[in-house]
Amino acid sequence: MAQLVGPLRKELADSLSSCRVLVVGAGGIGCELLKNLVLTGFKNIEVIDLDTIDVSNLNRQFLFQKKHVGKSKAQVAKESVLRFCPSANITAYHDSIMNPDYNVEFFRNFQLVMNALDNRAARNHVNRMCLAADIPLIESGTAGYLGQVTGQTECYECQPKPTQKTFPGCTIRNTPSEPIHCIVWAKYLFNQLFGEEDADQEVSPDTADPEAAWNLADAAARATASDQDGDIKRVSTKEWARSTGYDPVKLFNKLFKDDIMYLLTMDKLWKKRKAPLPLDWVEIQQHACSQEEACGTGLKDQQVLGVLGYAQLFQRSVETLRSQLREKGEGAELVWDKDDPPAMDFVTAASNLRMNVFSMNMKSRFDVKSMAGNIIPAIATTNAVIAGLIVLEGLKILNSDFEQCRTIFLNKQPNPRKKLLVPCALDPPNPNCYVCTSKPEVTVKLNVHKTIVQALQDKILKEKFGMVAPDVQIEDGKGTILISSEEGETEANNNKFLSDFGIRNGSRLQADDFLQDYTLLVNVLHSEELEKDVEFEVVGDAPDKAPTPSAPEEGKNIANGNKDSAQPSTSSKAAAEDDDILIVDSDEEPSSSTMETSPESSNRKRKHHDAETDDATSKRKRLDQQPADDDDEDIIALD
């Protein structure tokens with residue numbers, strides 16, 4: 001294969017051969033990026049991805065073939081690249097970048113870090129690790145035909161990000177970790193059963209063999225099947241449903257029992273996740289109890305039913321939709337509409353049953369309706385363009401051309417200057433960023449008499465401020481430890497109110513995340529006048545972001561659903577498709593600072609110090625929380 005770039009200056013060419021690069025994610029962008037790096041002359045590359053290869057990846061992740069299905073993305077990507085560039089020195093890790101083993105010292109081994117991720121929690125984490133290690137990070141992302149590449153200067157968390165709206169296809173079909181994943185799956189299911197069938201919306205865990213004769217004995221063989229289909233008869237989801245007469249019980253047992261049992265045969269998926277629990281229709285009916293009744297008060301749509309309630313709703317909605325389909329005649333299709341009661345009932349029931357299977361808290365019909373949206377698939381050409389731009393930005397950094405680094409947007413339509421690629425000068429660090437300033441500090445308004453310690457840890461520090469395993473000390477002159485990352489040390493505090501520890505208006509809390517080498521000072525602003533259903537507010541100019549929680553809630557218990565949300569993915573699989581990107585779809589170029597950044601400002605923002613005490617060092621070593629998997633799959637963006 002020919003080199004991707006022309007002859008480089010000898011000094012730059014030499015630096016490429018000696019430069020150590022870390023690629024985080026081996027999915028859509030990651031495959032293209034690895035190819036580009038070796039063909040440009042990079043020799044020492046390490047790649048990490050927790051995901052395994054799914055059939056749905058094969059249309060754009062060209063380093064993978066059907067025979068690789070079920071294997072580690074990072075390892076297969078390495079092997080594929082070495083076939084056409086055997087001189088490269090590539091190390092592959094089938095693991096999560098959020099594993100404590102990949103600490104600040106690990107990041108300091110590299111001259112460049114390149115993100116090919118798809119979820120915000122993992123991006124936030126890598127951003128903080130690079131700041132702590134003082135290593136340049138090149139961020140990237142895609143969503144359908146849109147994409148962007150960000151170089152240095154302001155950190156990834158300096159500016160507000162749109163609410164995360166993209167999810168990887170393999171996550172949706174195999175390893176959902178958030179309620180929204182189950183809602184998207186349920187919408188896919190509606191279309192496959194009653195609407196317009198779409199191969200990109202497969203809901204079965206075995207897309208290579210959808211709706212084959214369901215024999216679990218050959219599940220492992222089919223998961224790694226070659227291009228030879230043998231005697232397996234392939235039928236569409238709709239054909240199979242019709243053959244059953246749209247029998248609600250058969251549909252239920254296939255979707256929530258047989259398919260889940262099939263997933264359990266893919267044992268590698270559950271080594272670092274809580275395994276799903278199949279549901280059986282007969283058992284649910286036999287074990288009906290008072291716990292299955294709707295809970296809570298208020299409007300019917302705002303109540304959360306139990307498993308039996310959602311199973312019955314599933315049955316009723318399937319019967320209603322079946323009747324509607326028959327009334328329309330042969331070959332008719334239904335169109336999903338969130339305002340159509342039977343369709344909404346179906347998605348509510350199916351998504352909640354799947355949430356239960358994957359150990360997530362279920363949602364009310366109102367909540368499900370508010371989260372439902374449209375789907376946008378990943379585009380291979382966008383990945384290729386973005387990956388090429390990443391390498392070009394990397395060459396600028398290695399050549400010390402910091403003033404030439406740009407944020408580059410790939411637009412869906414040409415701008416007034418007839419350009420699809422729109423470069424923008426990099427902005428300087430946001431002085432109010434709570435990550436890269438020299439002394440990160442925020443003010444949080446809350447009610448100290450109603451906020452419990454568990455909510456401070458999970459909803460504020462982990463979910464809002466992106467910490468993985470925070471330790472919190474009250475600045476009360478006594479050094480009171482409120483939250484410890486060590487399992488069990490402060491568990492007794494979890495359900496106590498902040499006021500029980502003397503925390504009041506004006507109190508200050510020091511939150512430390514030793515894995516991220518990150519300290520955040522939290523100023524407490526007590527208020528009894530928060531809006532209804534608002535538990536806290538961030539006061540001031542701090543960026544308004546809400547990263548996904550990054551770690552399991554209870555010590556070493558690995559679970560897919562962390563209460564209402566879930567562990568983030570950190571490879572290119574869960575990880576947007578989200579690719580948490582800024583979508584530029586206007587006629588004007590995106591706004592950015594008119595000042596070109598200097599090499600100094602472009603290089604560094606915050607300088608982290610190493611652990612200053614033996615205690616801190618030992619705590620970093622003992623840290624053993626394992627956040628969820630990385631993902632980079634199909635992009636699914638919700639409008």
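Two strands count as paired here if DSSP finds at least two bridges between them. Helices (H or I, at least four residues) and strands (E, at least two) are DSSP runs, numbered from the N terminus. The model is predicted: local features need pLDDT of at least 70, side-chain atom pairs count only at pLDDT 80 or more, and totals for chains, interfaces and linings use all residues. Residues are numbered from 1 along each chain as its sequence is written, and side-chain values use heavy atoms, with hydrogens and water left out.

**Stop 1: strand β10**

Select residues 441-446, strand β10. Four bridges join β10 to strand β15 (residues 536-539), and the two run antiparallel. Find Leu446; opposite stands Phe536 of β15. Now add strand β14 (residues 518-526), which pairs with β10 in the parallel sense over six bridges. Here Val444 faces Val524.

Show the side chains of β10. Val442, Val444 and Leu446 make up the covered face. Glu441, Thr443 and Lys445 make up the uncovered one. In a regular strand, side chains alternate between the two faces of the sheet.

**Stop 2: the β11 hairpin**

Go to strand β11 (residues 471-474), which is joined to strand β13 (residues 508-513) by four antiparallel bridges. Gln473 has Gln510 in β13 as its bridge partner. β11 also pairs with strand β12 (residues 480-483), antiparallel, over three bridges. Val472 is matched there with Ile483. β11 and β12 form a hairpin with five residues between them. Pick Gly477 in the turn: its phi is positive, about 85 degrees.

**Stop 3: helix α3**

Select residues 73-84, helix α3. The expected span of a helix is 1.5 Å times one less than its number of residues. For these twelve residues that gives 16 Å, and the end C-alpha atoms are 17 Å apart, which agrees.

Which residues of α3 are buried? They are Lys73, Ala74, Val76, Ala77, Ser80 and Val81. Seen down the axis, they fall within an arc of 165 degrees, so they line one face of the helix. That arc is taken from the directions from the helix axis to the C-beta atoms. Buried means under 20% relative accessible area, exposed over 50%, and partly exposed in between (1.4 Å probe, protein chains only).

Look at the start of α3. A side-chain oxygen of Ser72 comes within 3.4 Å of the backbone nitrogen of Ala74.

**Stop 4: the largest nonpolar core**

A nonpolar core is a set of buried Ala, Val, Leu, Ile, Met, Phe, Trp, Tyr and Cys residues joined through side-chain atoms within 4.5 Å. The largest one has 53 residues; Trp185, Phe194, Phe252, Phe256, Phe314 and Phe346 touch the most other members. The elements giving two or more residues are α7 (179-194), α10 (248-265), α11 (281-286), α12 and α13 (341-357). α7 supplies the largest share, eleven residues.

Center on Phe256. Leaving aside neighbours within four places in sequence, its contacts (heavy atoms within 4.5 Å) are Trp185, Pro278, Leu279, Phe314, Ala350, Leu353, Arg354 and Val357. A second, separate core has 42 residues, including Cys19, Ile90, Ile138 and Phe402.

**Stop 5: Ser317**

Select Ser317 in helix α12 (residues 307-328). Is Ser317 buried or exposed? Its relative accessibility is 3%, so Ser317 counts as buried. A polar atom of its side chain lies 3.0 Å from the backbone oxygen of Phe314. Beyond residues up to four places away in sequence, Ser317 touches Pro342, Asp345 and Phe346.

**Stop 6: Tyr246**

Move to the loop between α9 (237-243) and α10, and pick Tyr246. Tyr246 has a positive phi of about 50 degrees although it is not a glycine. Most residues other than glycine have a negative phi. Tyr246 is buried, with a relative accessible area of 6%.

**Stop 7: α15 and the loop after it**

Select α15. Its 19 residues should span 27 Å, and its end C-alpha atoms are 28 Å apart, which agrees. Among its buried residues are Ile386, Leu389, Ile390 and Ile397.

Just after α15 comes Ser400, with a positive phi of about 60 degrees. Ser400 sits in the loop between α15 and β8. This residue is partly exposed, at 44% relative accessible area.

End on Asp401, in the loop between α15 (380-398) and β8 (406-410). At 25% relative accessibility, Asp401 counts as partly exposed. Its side chain makes a polar contact with that of Asn399 (2.9 Å). A polar contact is a pair of N or O atoms within 3.5 Å; within protein, one must be able to donate a hydrogen and the other to accept it, and residues adjacent in sequence count only if both atoms are side-chain atoms.
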